[in-house]
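Here's a quick tour of a ligand site and a sheet. Have the viewer open while you read.

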Amino acid sequence: MFLGLDSSTQSLSAVIIDSLTGELIADESVNFGKELPEYQSPSGFICGGQNGEVHASPLMWLDALDLLFAKLSGVADLSMVQVIAGSGQQHGSVYLDEKFDASVGHLDHKRSLSSQLSGSFTRLTSPIWMDTSTGEECAEIASAMGSDSEVCARSGSVAIERFTGPQIRRFFKNDPERYDATKRIHLVSSFIASVLAGKSVPIDFGDGAGMNLLNLKDLAWDADLLEATAPDLGKRLLPAATCLTPAGTISSYFSNKYGFSSSCEICPFTGDNPASLVGMGATTPGQVVISLGTSDTFFAAMPDAKTDPKGYGHVFGNPAGGFMSLICFRNGSLAREALRDELKVDWAAFEQEPLAMTKKSAGKNLTLPFYGAEITPRFDFIEPVTRFSEDVTPDLRIRSLLEGQFLNMRLQSAWMGVRTERILLTGGASKNNGIAQLVANVFQAPVERLEIANSAALGAALIAATAAGNDLSKLQALYCRSAADSRLEPDASLAGNYSTALVEFERLIEEVTTNSQ
Ligand code: XUL
C-alpha cells in the first residue's frame with residue numbers, strides 16, 4: 001500500500017492506494033478552517049494580513065497531520081503502507097532554528113506534534129503563495145541579477161511576489177536577527193516530509209523550482225540567486241533532490257502512535273502542481289491540464305527547460321523527469337461570472353446547444369476577456385476590450401468571451417513548443433459541455449474530464465508507488481481514467497477560423513498595449 005498526502009491551502013488530504021489491485025483504500029482529509037477553528041483561519045490562512053501579507057500557521061499544519069493520521073488509522077491498516085510521498089501548496093516557507101533537526105528526531109508519541117515543535121520556529125507564521133507583499137524584494141533581486149529575464153532564464157520564472165526567494169528576502173530585511181537565528185528553511189512540502197522522517201528532508205526539484213533560487217540547468221541552488229536573496233542562504237537549504245528516491249524511514253513518533261511499520265519510507269515531497277500533473281496522468285509532453293477555477297490554470301509537461309520569453313509562465317520540475325509549465329490566468333470564472341451577471345443569464349446560456357447556434361461566428365468577434373487586472377498578459381484594464389465584426393448580441397458576447405479566454409491560453413502557452421494532443425479539463429466549469437467543446441475547438445484537440453477530484457494527493461500516492469519500483473505509466477492507466485462519456489472531439493471545420501483568430505487576437509493585445517503606453 002502507498003500513501004499520498006497533500007497539504008493544500010485549505011486542507012490536508014490523504015489517499016491510500018493498493019497498486020496490486022488498483023483499489024483506492026482510503027481518501028480522507030482535514031479541513032483547516034472547519035476542523036481547527038482555534039487557528040482562526042477559515043480559508044486556511046490568517047485573516048487581516050497587512051500590506052499584502054498572507055500567512056498561515058505551521059502549527060495548524062502539524063495539528064492537521066495528527067488529526068488526519070488519527071482518522072486514517074481508523075479506516076486502514078497503516079502497518080501495510082510501504083512508502084509515503086506527498087505534496088504541498090507551492091512557494092510557502094517555514095523558518096526553523098538550530099534545535100529543529102534534533103527535536104523532530106526525538107518526538108514523544110504521547111504528546112502532540114505541535115506542542116513539541118512550537119519552540120523551533122524563528123518565524124511564527126509562514127508566508128504562503130497568496131502573499132503579495134514582496135514587490136520591492138522582487139525588484140531588488142532582479143536588479144542584483146541584472147534583469148528579470150536573467151532570473152527567469154536561470155530559475156524558470158521572473159522574480160515574482162508569491163515565490164519563496166522574495167519571501168525569504170523580506171524576512172531577512174524586516175527581521176535580520178530572526179533570520180540570523182534561522183538555521184533551516186523549508187517549503188511547506190519539505191517541512192511536512194521532515195516531520196514524518198524525523199529529520200530534515202530535501203526540497204524536491206518540482207517544488208524547488210518555485211522559489212526563484214533553483215538553477216534549472218543543473219537542478220542545484222544558484223549561487224548568484226542565493227546571494228541576491230539573502231546572506232548565507234545556501235547554508236539554510238539542503239541540496240535539492242528527486243521526489244522518487246526515499247530520503248529515510250518514518251520516525252518512531254508515527255509508528256508508535258498510528259501503527260506504521262518502522263520500515264515505511266518517506267520520499268521528499270513535491271509541490272501540489274507537479275503532484276497534480278502525476279495524478280491527472282499528464283506527465284508526458286502533449287498532455288495538457290486546464291483547470292477552470294476562480295483563476296484558470298494551464299499546465300503541461302515539457303521535455304526541456306524552456307522558459308517563457310515574456311516572463312508570464314513558470315517552469316517547475318516534472319516528478320516523472322523533465323519539466324512542466326504552469327501559467328495562471330487571473331480572469332477565469334471571475335470573467336465568466338461577470339458576463340453571466342451582466343447579461344442576467346444562467347450557466348445554461350454557456351452550454352453546448354446555445355453555443356452551437358452561433359457556430360458560424362466562430363473566431364470572428366474578438367474579446368480581450370479581462371474584467372479585473374490580468375497577469376497573463378499583464379493588463380490593468382478592468383473592462384473587456386472587444387472588436388466585433390457583426391452586431392453585438394448576448395449570445396455572441398458569450399461565445400466571444402470564452403473564445404478570448406482560450407485563444408489567450410493558446411497564445412500564452414505557445415512558447416513551450418509542445419503540440420497539444422489531449423486536454424484534461426478540471427475545476428468547476430469543466431463540467432459544462434459548452435465550455436469544454438469550445439476549449440476543444442480553439443485548441444483543436446480532444447478534451448477529457450477525469451473521474452478523480454483529489455489529483456494532488458492521488459499523484460503523491462502514485463509517486464510513492466513509483467519510488468517502490470512500480471511503473472508510473474501503468475499506475476496512471478489504472479488510476480487516472482477519464483469519466484465515462486466525458487470525451488469531446490474538436491470540430492475540425494473550425495481549425496482555420498481559430499488560426500486566423502489567434503493572429504488577430506495577438507495583434508489586438510499589441511494594439512491595446514501600445515495605445516495605453
Ligand atoms: C502555483 C501557485 C498555486 C499554489 C497553491 O504557482 O501559486 O497553484 O501551488 O495551490
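A polar contact, as used here, is a pair of N or O atoms within 3.5 Å. Keep in mind that this is a predicted model.

**The ligand site**

Which residues surround the ligand? The shell is made up of Gln90, His91, Trp129, Arg162, Asp272, Asn273, Phe316 and Leu326. Sorted by class, that gives three nonpolar, three polar and two charged residues. Three of the shell's side chains put an N or O atom within the 3.5 Å cut-off of a ligand oxygen:

| Side chain | Distance to a ligand oxygen atom |
|---|---|
| His91 | 2.6 Å |
| Asp272 | 2.4 Å |
| Asn273 | 3.1 Å |

How much of the ligand does the protein bury? On its own the ligand exposes 290 Å², and the protein buries 86% of that. As for where the ligand goes, it takes up the space of the largest pocket.

**The sheet**

Now over to the strands. Strands of a sheet pair through backbone hydrogen bonds, and the pairing can be parallel or antiparallel. Here, six strands make an open sheet with mixed pairing, running S16-S17-S15-S14-S22-S23. Strand S16 (314-317) and strand S23 (447-448) sit at the edges with a single partner strand each, so one side of each has no neighbour in the sheet.

Further in, look at S14 (residues 287-292) and S22 (residues 422-426): they pair in the parallel sense, over five bridges. If you want one bridge to find on screen, Ser291 has Thr426 in S22 as its bridge partner.

Definitions and conventions
Residues numbered from 1 in each chain as written. Predicted model: local features only at pLDDT ≥ 70, side-chain atom pairs only at ≥ 80, totals over all residues. Heavy atoms only, no water. Near = heavy atom within 4 Å. Polar contact = N/O pair within 3.5 Å; in protein donor to acceptor, adjacent residues only side chain to side chain. Areas by Shrake-Rupley, 256 points an atom, 1.4 Å probe, with all protein chains shown as cover. 1 Å grid on protein atoms, 1.4 Å probe; cavity = no way out; pocket = protein on both sides within 12 Å on 5 of 7 lines; lining within 4 Å. Sits in = over half its atoms within 2 Å of the grid points. Nonpolar A, V, L, I, M, F, W, Y, C, P; charged D, E, K, R; others polar. Pairing = 2+ DSSP bridges. Helix = DSSP H or I, 4+ residues; strand = E, 2+ residues; numbered from the N terminus.
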